Amino acid sequence: TCRHKMRRLIPILALLPVLLSCQKVGTRIWRASGDNGDKPGIGLELRMDAKEISGFAFLLDPDSPHDFSHTGLRRAMTVISQSPNEISFRIAWNETSTETLVFRFEKADWPDSFEATVISIRGTETSPPRLFTFKRLQ
């Protein structure tokens with residue numbers, strides 16, 4: 001009967017939210033880039049996997065400053081400190097050159113597209129804040 005079928009369906013419907021919450025969320029990736037004129041462009045990649053944040057910095061071809069397929073150099077960014085609206089990363093460009101990038105976000109959650117103000121610190125020099133627009137790849 002219809003009532004008997006409904007009784008079998010109710011326990012399944014009750015478990016549906018639990019089953020959906022068990023799905024593994026893959027790595028989400030956002031990228032942004034900036035043009036530096038005749039110097040290499042800068043590319044930034046932020047990754048979030050199960051609430052763990054990581055990233056990469058890229059030096060991009062000056063003739064294609066927004067094209068990540070023309071990468072001259074790719075370096076991992078190591079998290080130094082993190083709060084809901086700010087993340088500091090350290091980048092080792094080579095054995096003697098390191099840089100700290102401070103990302104400031106207006107909102108703690110990252111939708112498909114968002115802006116971040118980025119400040120670069122090399123030794124005692126701090127660059128002016130630069131606005132990057134990140135777009136989600138995955």
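**Exercise 1. Find the residues that form one aromatic cluster, then look at a pair inside the model.**

Step 1. Trp30, Phe89, Phe103, Phe105, Trp110, Phe114 and Phe134 come together as one aromatic cluster. Keep in mind that this is a predicted model, where local features need pLDDT of at least 70, side-chain atom pairs count only at pLDDT 80 or more, and totals for chains, interfaces and linings use all residues. Residue numbers start from 1 along each chain as its sequence is written, and side-chain values use heavy atoms, with hydrogens and water left out.

Step 2. Count the aromatic pairs: the structure holds 10. Rings of Phe, Tyr and Trp (its six-membered ring) pair if their centres lie within 6.5 Å; planes under 30 degrees apart count as stacked, over 60 as edge-to-face and the rest as tilted.

Step 3. Take tryptophan 30 and phenylalanine 114, an edge-to-face pair with 6.0 Å from centre to centre and 70 degrees between the planes. This pair links distant parts of the chain, since tryptophan 30 sits in strand β1 and phenylalanine 114 in strand β7, 84 residues apart.

Step 4. Check the surroundings: tryptophan 30 and phenylalanine 114 are both buried. Here buried means under 20% relative accessible area, exposed over 50%, and partly exposed in between (1.4 Å probe, protein chains only).

**Exercise 2. Work out which residue lies over the face of phenylalanine 56.**

Step 1. Apply the rule for a charge over a ring: NZ of Lys or CZ of Arg within 6 Å of the ring centre and within 35 degrees of the ring normal.

Step 2. The residue is arginine 74, at 3.7 Å from the ring centre of phenylalanine 56.

**Exercise 3. Describe the salt bridges, and say which residues they join into one network.**

Step 1. Start with the rule: a salt bridge is a side-chain nitrogen of Lys or Arg within 4 Å of a carboxyl oxygen of Asp or Glu. The count comes to 5 salt bridges.

Step 2. One of them pairs arginine 31 with glutamate 45, whose closest N and O atoms are 2.6 Å apart. Arginine 31 belongs to strand β1 (residues 28–36) and glutamate 45 to strand β2 (residues 39–49), so this pair ties together parts 14 residues apart in sequence. Glutamate 45 is buried at 2% relative accessible area, whereas arginine 31 is partly exposed at 26%.

Step 3. Glutamate 45 also bridges to arginine 47, again with closest N and O atoms 2.6 Å apart. Arginine 47 is partly exposed, at 22% relative accessibility.

Step 4. Arginine 104 and glutamate 86 form a salt bridge too, with 2.7 Å between the closest N and O atoms. Because arginine 104 lies in strand β6 (residues 98–105) and glutamate 86 in strand β5 (residues 86–92), the pair ties together parts 18 residues apart in sequence. Arginine 104 is partly exposed at 40% relative accessible area, and glutamate 86 is partly exposed at 28%.

Step 5. For the network, look for shared partners: Arg31, Glu45 and Arg47 are joined in this way.

**Exercise 4. Place isoleucine 119 and threonine 100, and list what each is in contact with.**

Step 1. Locate them: isoleucine 119 is in strand β7 (residues 113–122), and threonine 100 is in strand β6. Strands (E, at least two residues) and helices (H or I, at least four) are DSSP runs, numbered from the N terminus.

Step 2. Isoleucine 119 is buried, with a relative accessible area of 10%. Threonine 100 counts as buried as well, at 13%.

Step 3. Contact means heavy atoms within 4.5 Å. Setting aside neighbours within four places in sequence, isoleucine 119 touches Thr100, Leu101, Val102, Arg104, Thr126, Ser127 and Pro129. On the same terms, threonine 100 touches Ile80, Phe89, Arg90, Ile119, Ser120 and Ile121.

Step 4. Add two distances. The C-alpha atoms of isoleucine 119 and proline 129 are 4.8 Å apart, although the two are 10 residues apart in sequence. The side chains of threonine 100 and arginine 90 make a polar contact at 3.4 Å (a pair of N or O atoms within 3.5 Å; within protein, one must be able to donate a hydrogen and the other to accept it, and residues adjacent in sequence count only if both atoms are side-chain atoms).

**Exercise 5. Summarise the protein as a whole.**

Step 1. There are 1 helix and 9 strands, running α-β-β-β-β-β-β-β-β-β from the N terminus.

Step 2. Of the 138 residues, 30% count as buried.
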